[in-house]
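Please open the structure in a viewer and keep the sequence panel visible. The tour below proceeds by selections, each followed by a description of what is found there.

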Amino acid sequence: MQNKGVIRLFAIILGLICLYYLSFTFSAKNAEKKAAIHANGDILKEKAYLDSIKINYITNDFTYKDVKDRAMNLGLDLKGGINATLEISVREILKGLSNDSKNKEFNKALDKASEMQKNTSTPYLDLFVNAFKEISAGKIKLGHPSIFGKLGSEITRETSDQDATKILKRQVDASILTAFKVLRNRIDQFGVTQPNIQRIGSTGRILIELPGAKDIDRVKDIITRKAELQFWEVFTSQELGDFFNVANQKLATIIKPIEETIKEIDTTKTDVEKLLEGDTKDSLTVNNPLGSIFTPYPNSPYAILGVATIANKEKINEYLNRKEVRTLLPSTLKNAKFLWDNPRKNSDTIRLYAIKGNRKNEAPIHGDVIKSARQDFESFGSNPLISMTMKSGASKKWAKMTEKNLNRPVAVVLDDIVYSAPTVQGVIKGGSTQITGNFTIEEAQDVANALQSGKLPASAHIIQSEIVGPSLGQKAIDSGYKSFIIGIILILLWMLFYYGKAGIFTNITLIINMLFVFGVLAAFGAVLTLPGIAGIVLTIGMAVDANVLIYERIKEELNGGKTLKEAINTGYKGSLSSILDANITTLLTGIVLFAFGSGPVKGFATTLIIGILTSLFSAIYISRLLIEWFVNNGRTMTFNTNITKNWFKNINIDFLKKRKIAGIVSGILLILGLVSLTTQGLNYGVDFSGGRTYTIKFDKDVDPTEVATSLKGAFGTTPEVKTYGGKNQLKITTKYEVENTSKKIDSVIQSLLLTNLKSFLPKNMTYDEFKISATKNDIGLMRTEMVGPTIADDIKQAAVWAVFGSLLIVFLYILLRFRKWQFSLGAVIAVFHDVLIVLGIFSLLQKFLPFEEINQAFIAAILTVVGYSLNDTVVIFDRIREFANNHENWNYKDVVNKALSSTLGRTINTSLTTLVTLLAIFIFGGDSIKGFMFAMIIGVIVGTYSSLFIATPIMYDFIMKGKNKKLKEVE
């Protein structure tokens, strides 16, 4: 092998990088373990402990916050928490832009667009514009004064509908962007570690993932609460006087005794333990608690009171809101409310302000007061500024406010974030105002969007959500790790049993590969989910497949009379083409999954893609480095054991002769499946049909039929109730109020569940005990999921595109590699065969299986089956191509049969190791993954069968048909 030194160096560097990033996870886990011991089961106390050590150094170079930010992310199914897709109501935005127009055509168009949106993924604004054109029939334009004709100076009576649509699109996008930033600020303040919030394309949808969030009610309120624009008068640093120094002195007298008490309690701990737990404080922090983390601007006439880092924000808030500190404020400042701004780009510094609050907490000017706002530039320069115009009613209040605060700052506040606090330069009459400052263009746009959002009363509705309780999340972690370890151990034992000494090096390679997989996941901040763990185990199975291909080829070369070194060299070179083709086809399906999937499906795809890439490197290079090092030192290498040395030797099966029997078997299975699919259909999960699902655990075994009957009266129809896991755990699915997006609907339905299930639950169980919460025990609601009908259609559509897209991509890849359409046709027909059989089995058994729902995870399983089936088929096709090139005088039937026979050992070996690991996950993994694993198990069995008896015979028949046709033409 060439460039051994480079490969060795790269492997060492990659390994060190992986260890470096994984060290953050180990450090974070160590700190959290200490927190759990400290809290002794009290979750709130545990959170308080972790909050208190955020800025403490738990390693030489990193604080707990630094370490936690770099630690591996656990998904919702492993950590508990909330996952939600929110939709910003474009209808409400348009209503706000029209000043709640009563125009009939306008409102009819809104109603029609809302109805159409239920059955399409087309953006709402496009639906509205098309509906408006149809209803108005050209008699009235969007720029009519009764609709959008008074939208500042941008849309007038003369504006064409085409131009008006562009302006509306810009306004809607600005509103959604502001809503996105407001939500991101709220979530950052909530304090959840490793949150994920992202816009979904150019739609009005926002994905929020908060693993580990325990106060579910508070989270839901935070993400659905409507933001309101406010204008506040401001206290300057001069008016606060010596407040911060006095407060600092007071805090020192409060904190010092506490620290001394802690030191007395901790006398049994070593200095190292104290340092690791963040229990030690230097004298500066104790004697100067506020001054050590906050820099005040004394006697300044401006609004900024001082600066601090984001990491210290919560601690400063805690200090300033203490009763002992608030009493130090002068009587004229008793209602002062301290607020922060957003950090500037590439900065972790934020600024503190004090607004003039009041008992009602009501700003002098607030809400729908802005007529227009935009980012602009100074007349004689390139400095960005904000131009805004107040509405007529608000402009009078604005004139009074500016007159009262002449040469004083006024704060623009949105969602308790200060976006700007400009100094009033003169009395502003008429409402037209320019806000100048040291803005970047992006910052000026943010302020303009914040101002504009005050007149856009768009709330965020949850259209899809999944909530997992902490106890269920912990159960998933335990079962996931258990199944993972069992699966890995079984693979390692099998490789030792089958390949002997060579198996040892395979196992070392697999362990190194696992280091690479987890290290890369940690380095890229990827989220590890339960399907993700399954993906890792699957890729390890594929890594085994690569080693099996190599070892089987080496054995063939040894049997052919080559020396050990020659056989190893030829074995690695000869198997490379098969390994690459097999892995690339699976990689392509993984990329399609990543592109079209979401949540756990995307997590599975991420680990699959990373795992395939690291497996290829490990199998092709790492294992060869190890084996050649061993052999070059004069040692003997064996690729079998005494038990397995004669397995799959001298096999010569006439597979093509059996294709008719296989065709009959497949035909029967396909007919049964298609009949079932036509008559019974499939049981779609809420992902595809819309609805609400509740997983509830009871303190005793319960009868699903009795539970369903007890809920019929509350829900109007009988919900679907199934045993989920143990007999004391049920999964209840209903479409009751699925289109209701009000904030209280979830609480209403959960209250109905509690009321109608009281006879099955512990006596006197309260609603707080029943719902998902931070202090949750093992009885009551464990998990909830809601999918609105609109997004269910979108998910279904994406799933169809994913399946057909992957088939098309793979067809083209095989055509490119084998240069014969017959190979592509055989592979794709075999894949269709496999998918139809898996779907048919799920349809036939839907009355008997507790996990037969067709959901996103099932589609991921189908696509993985596609990849696996193609993996098998491509390896066989590659050997057929090789035999055909090396034995041109052979009959093509003999070429095919010999190729199939020569790869049978590899086919059975790989299928067996994969099946064993999948069975381990199926048996020991969590309940939520059983359907996914069952589909995979069926798919692997059917895929192995089809590669031998469907794909190859079809390819052979079509090639022979072409050859016979050519012979006839010659005759």
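A residue counts as buried when its relative accessible area is under 20%, as exposed when that area is over 50%, and as partly exposed in between. The model shown is predicted.

**First selection: Leu320**

Select Leu320, which is placed in helix α14 (residues 313–320). Is this residue buried or exposed? Its relative accessible area is 1%, so Leu320 is buried. Display next the residues in contact with Leu320, leaving aside its neighbours within four places in sequence: Phe243, Phe244, Leu290, Val325, Arg326, Phe338 and Leu352. Then add Lys337 to the selection; Leu320 and Lys337 are separated by 17 residues in sequence and by 9.7 Å in space, C-alpha to C-alpha.

**The whole protein**

Zoom out and colour by secondary structure. The protein contains 33 helices and 21 strands. Of its 971 residues, 54% are buried. How are its contacts distributed along the sequence? Of the contacts between residues at least 6 apart in sequence, 74% join residues at least 24 apart.

**The nonpolar cores**

In soluble globular proteins, nonpolar side chains tend to be buried together. Select Phe484, Leu521, Tyr551, Phe858, Ile880 and Tyr892, the residues with the most contacts inside the largest nonpolar core, which has 127 residues. Which helix gives the most to this core? Helix α33 (residues 930–970) does, with 17 residues.

Centre the view on Tyr551. Not counting residues up to four places away in sequence, Tyr551 touches Tyr499, Ala502, Phe505, Thr506, Ile627 and Phe639. Another core, of 39 residues, lies apart from the largest one; Ala84, Phe106, Leu127 and Phe128 are among its members.

**Asn507 in helix α19**

Select Asn507, in helix α19 (residues 501–523). Why does Asn507 count as buried? Its relative accessibility is 8%, and the limit for a buried residue is under 20%, so Asn507 falls in that class. With neighbours within four places in sequence left aside, Asn507 is in contact with Leu492, Met495 and Leu496.

**Two helix pairs**

Two packed helices are described by the angle between their axes and the distance between the axes.

Select helix α23 (residues 659–679) together with helix α29 (residues 821–844). They pack at an angle of about 55°, and their axes are 8 Å apart. The two helices, α23 and α29, are therefore oblique to each other. The crossing in which α23 passes α29 is left-handed. To view the contact, show Ser666, Leu669, Leu670, Leu672, Gly673, Leu674, Ser676 and Leu677 of α23, and on α29 His833, Leu836, Ile837, Leu839, Gly840, Ser843 and Leu844. How many residues of this contact are nonpolar, polar or charged? There are 9 nonpolar residues, 6 polar and no charged.

Move next to helix α5 (residues 90–97) and helix α7 (residues 124–136), which pack at an angle of about 55° with their axes 9 Å apart. Helices α5 and α7 are therefore oblique to each other. Their crossing is right-handed. From α5, Val90, Arg91 and Leu94 meet Tyr124, Leu125 and Phe128 of α7. This contact of α5 with α7 comprises 5 nonpolar residues, no polar and 1 charged.

**Residues with a positive phi**

Most residues other than glycine have a negative phi. Two selections with a positive value follow.

Select Ala137, in the loop between α7 and α8 (161–190). Its phi is near 50°, a positive value in a residue other than glycine. Ala137 has a relative accessible area of 55% and is therefore exposed.

Select Asn361 next, in the loop between β9 (349–356) and β10 (365–366). Asn361 is not a glycine, yet its phi is positive, at about 55°. At 40% relative accessibility, Asn361 counts as partly exposed.

**Last selection: Lys396**

Finally, select Lys396 in helix α16 (residues 392–404). Is Lys396 buried or exposed? Its relative accessible area is 62%, so Lys396 is exposed. Add Gly431 and display the C-alpha to C-alpha distance: Lys396 and Gly431 are 7.5 Å apart in space and 35 residues apart in sequence.

Notes. Residues numbered from 1 in each chain as written. Predicted model: local features only at pLDDT ≥ 70, side-chain atom pairs only at ≥ 80, totals over all residues. Heavy atoms only, no water. Axes fitted to C-alpha atoms, helices over the stretch in contact; angles between N-to-C directions. Helix = DSSP H or I, 4+ residues; strand = E, 2+ residues; numbered from the N terminus. Parallel < 35°, antiparallel > 145°, perpendicular 65-115°, else oblique. Left-handed = near helix turned anticlockwise from the far one by under 90°. Contact = heavy atoms within 4.5 Å. Nonpolar A, V, L, I, M, F, W, Y, C, P; charged D, E, K, R; others polar. Core = buried A, V, L, I, M, F, W, Y, C linked by side-chain atoms within 4.5 Å. Buried < 20%, exposed > 50% of the residue type's maximum accessible area, 1.4 Å probe, protein only.
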